[in-house]
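Here is a short walk through one protein model and the two ligands placed in it. Have the viewer open as you read.

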Amino acid sequence: MTRSQVVIIGGGPSGLLLARLLAVRGIESVVLERQTRDYVLGRIRAGVLERGLVELMDEAGIGARLHREGLSHDGVVLARGDDAFRIDFREMTGHSVLVYGQTEVTRDLYDALEDAGHPIEYRVEDVEIHDADTDTPHVTYRVDGESRRIDCDFVAGCDGFHGVSRNTIPESVRRDFERVYPYGWLGILSETPPVHHELIYANSDRGFALASMRNPHLSRSYVQCPSSDRPEDWSDDRFWAEFRRRLPRAHADALVTGPSIEKSVAPLRSFVTEPMRWGRLFLCGDAAHIVPPTGAKGLNTAVSDVRYLHRGLCRYYEQGESAGLDSYSQDALARVWKVERFSWWFSQIMHRTDDQSAFDRKIQLAELDFLRGNADAQRAMAANYVGLPY
Ligand code: RFL
Ligand code: PHB
């Protein structure tokens, strides 16, 4: 049996960042991860960082590579068919976003934690949280067939949507809110130059497409597809042909294609569980909420939870006050719901569905037209995209 102040379940970006931020303030933690480091780093996910995430990486002392290699984006292009317009983040909000992959954020965190000899257990199985509603919780798990136990003050459930933490909260206490969308995103990574220097979100008659990137030589491209499609259903040729047809003509003409080095389908879902705290268990990130990727909010919102929890834990250990922990669920959820609203709205106006009525299509086009012509609407969109305040 061992002891740690905080047990962090999940070694994705939320869990690793929390561990690192706590370590900077001298608060000890253990990270328990079900997979290997290489497996976690093999997952291609988010690519756009809000300034709040960049600030936290700086606070964690590991922002140098991100500032060196990240691409600052001052705006984004929205398109309806061949008609494209730009929303200028800098002009509208004074801020920009940073294009830097989740894989790189996670790598920077693993490197920093491992260099400092931080306790991380990989390939853990059968994680269980016990007595979270008492002052003396503990966590049990198995590694290589051996059972282990850690006693702690707090448990951070950072184990993603399919983790065990959320289900530790009794159903009598918890309430889930969910919307499943009737489409998914097929994404590919390719060693090709991005089609444009900023991201393009395209609403075409054939469905949504997104032209994104990781760096000047690496593109990340998406098309809306039925959520039942599998990556094998889409050859690279089929993907590029569809992607090209959905981009505005001027950009389609500039498209450079090449073999995919990763291809995956992600279903689209909105999900929130309330409360995000039960006794001494705190949920962070995808363990508590999911957004559709339109707007790139998943990772950023995971990290905004970490910010609230980190502040609460520091206040508890440094000043002996539990107020920050007591208001954690309320503070985190207030921001989460605004981000849920934005991601839902942006998804609604950009995707096509088979059962979309002629009325609904007209409304969608009116939304885009309004956004194109109204500075206040653009300001609201930009404020959400660059990241709401905490
Ligand atoms: P993660 O990244 O899912 O990490 C959770 C970690 O917990 C581990 N785990 C366990 N460990 C121990 N015991 C257990 N019982 C465990 N169960 C799970 C897992 O192995 C994993 O390492 O959650 P976190 O840290 O909260 O971070 C959230 C972000 O990863 C997520 O919000 C975004 O990646 C969402 N997301 C995207 N967001 C964007 O902004 N843009 C995107 O393009 C984008 N693409 C995606 C995505 C999420 C996806 N998922 C979850 C299916 C694409 C996909 C496929
Ligand atoms: C990505 O680069 O993977 C990406 C960018 C913007 C989004 C979603 C995903 O809205």
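What follows covers the two ligand sites, then the aromatic rings, then some strand pairing and a buried polar contact.

## Before you start

Keep in mind that this is a predicted model. Every number below is computed from that model.

## Ligand 1

Let's start with the shell. Ligand 1 is surrounded by 30 residues, and the closest ones are Ser14, Glu33, Arg43, Gln102 and Asp286. Sorted by class, that shell splits into 13 nonpolar, 10 polar and seven charged residues. Two helices, α1 (13-24) and α10 (298-319), each put at least two residues into it. Which element gives the largest share of the shell around ligand 1? That would be α10, with three residues.

Now for some backbone contacts. Pro13 has a polar backbone atom 3.3 Å from an oxygen atom of ligand 1, and a polar backbone atom of Leu299 sits 3.4 Å from an oxygen atom of the ligand. With Arg34, the ligand atom is a nitrogen, and a backbone N or O atom of that residue lies 3.2 Å from it. As for cover, ligand 1 has 1,000 Å² of accessible area on its own, and the protein covers 85% of that.

## Ligand 2

On to the other site. There are 14 residues around ligand 2, and Tyr201, Ser212, Arg214, Tyr222 and Pro293 come nearest. By class, the shell around ligand 2 holds eight nonpolar, three polar and three charged residues.

What are the polar atoms doing here? The side chain of Tyr201 has an N or O atom 2.6 Å from an oxygen atom of ligand 2. For Ser212, a side-chain N or O atom is likewise 2.6 Å from an oxygen atom of ligand 2. Gly295 joins in through its backbone, with an N or O atom 3.1 Å from an oxygen atom of the ligand. The protein covers 97% of the 280 Å² of accessible area that ligand 2 has on its own. Two strands, β14 (207-215) and β15 (218-225), are the elements that give two or more residues to this shell. β14 has the largest share, at three residues.

## Aromatic rings

If you like ring geometry, there is plenty to click on: the structure holds 22 aromatic pairs. Take Phe342 and Phe346, which are stacked, with 5.7 Å from centre to centre and 25° between the planes. Where do these two residues lie? Both are in helix α12 (residues 328-350), four residues apart, or about one turn of the helix. Phe342 and Phe346 are both buried. Phe346 also pairs with Trp345: the ring centres are 6.0 Å apart and the planes are at 20°, so this pair is stacked too. Trp345 is buried, as is Phe346.

These rings belong to a wider group. Ring pairs link Phe89, Trp185, Tyr201, Phe208, Tyr222, Phe342, Trp345, Phe346 and Tyr385 into a cluster. Two members of that cluster, Tyr201 and Tyr222, also turn up among the residues that come nearest to ligand 2.

## Strands and sheets

One open sheet has three strands in the order β3-β7-β4, with antiparallel pairing. Why is one side of β3 and of β4 left without a neighbour in the sheet? β3 (48-49) and β4 (71-73) stand at the edges and have a single partner strand each, so one side of each stays free of a neighbour there. β3 is joined to β7 (residues 97-99) by two bridges, and Leu49 has Leu98 in β7 as its bridge partner.

Elsewhere, β12 (residues 175-190) pairs with β16 (residues 260-274) over 13 bridges in the antiparallel sense. In that pairing, Ser190 has Ser260 in β16 as its bridge partner. β16 also pairs with β19 (residues 289-290), again antiparallel, over two bridges. There, Phe271 is matched with Ile290 of β19.

## A buried asparagine

Last stop: Asn203, which is in strand β13 (residues 200-204). Is Asn203 buried or exposed? Its relative accessibility is 0%, so it counts as buried. The side chain of Asn203 makes a polar contact of 3.1 Å with the side chain of Arg361.

Terms used:
Residues numbered from 1 in each chain as written. Chains lettered and ligands numbered in written order. Predicted model: local features only at pLDDT ≥ 70, side-chain atom pairs only at ≥ 80, totals over all residues. Heavy atoms only, no water. Near = heavy atom within 4 Å. Polar contact = N/O pair within 3.5 Å; in protein donor to acceptor, adjacent residues only side chain to side chain. Areas by Shrake-Rupley, 256 points an atom, 1.4 Å probe, with all protein chains shown as cover. Nonpolar A, V, L, I, M, F, W, Y, C, P; charged D, E, K, R; others polar. Pairing = 2+ DSSP bridges. Phe/Tyr/Trp six-rings, centres within 6.5 Å; stacked < 30°, edge-to-face > 60°. Buried < 20%, exposed > 50% of the residue type's maximum accessible area, 1.4 Å probe, protein only.
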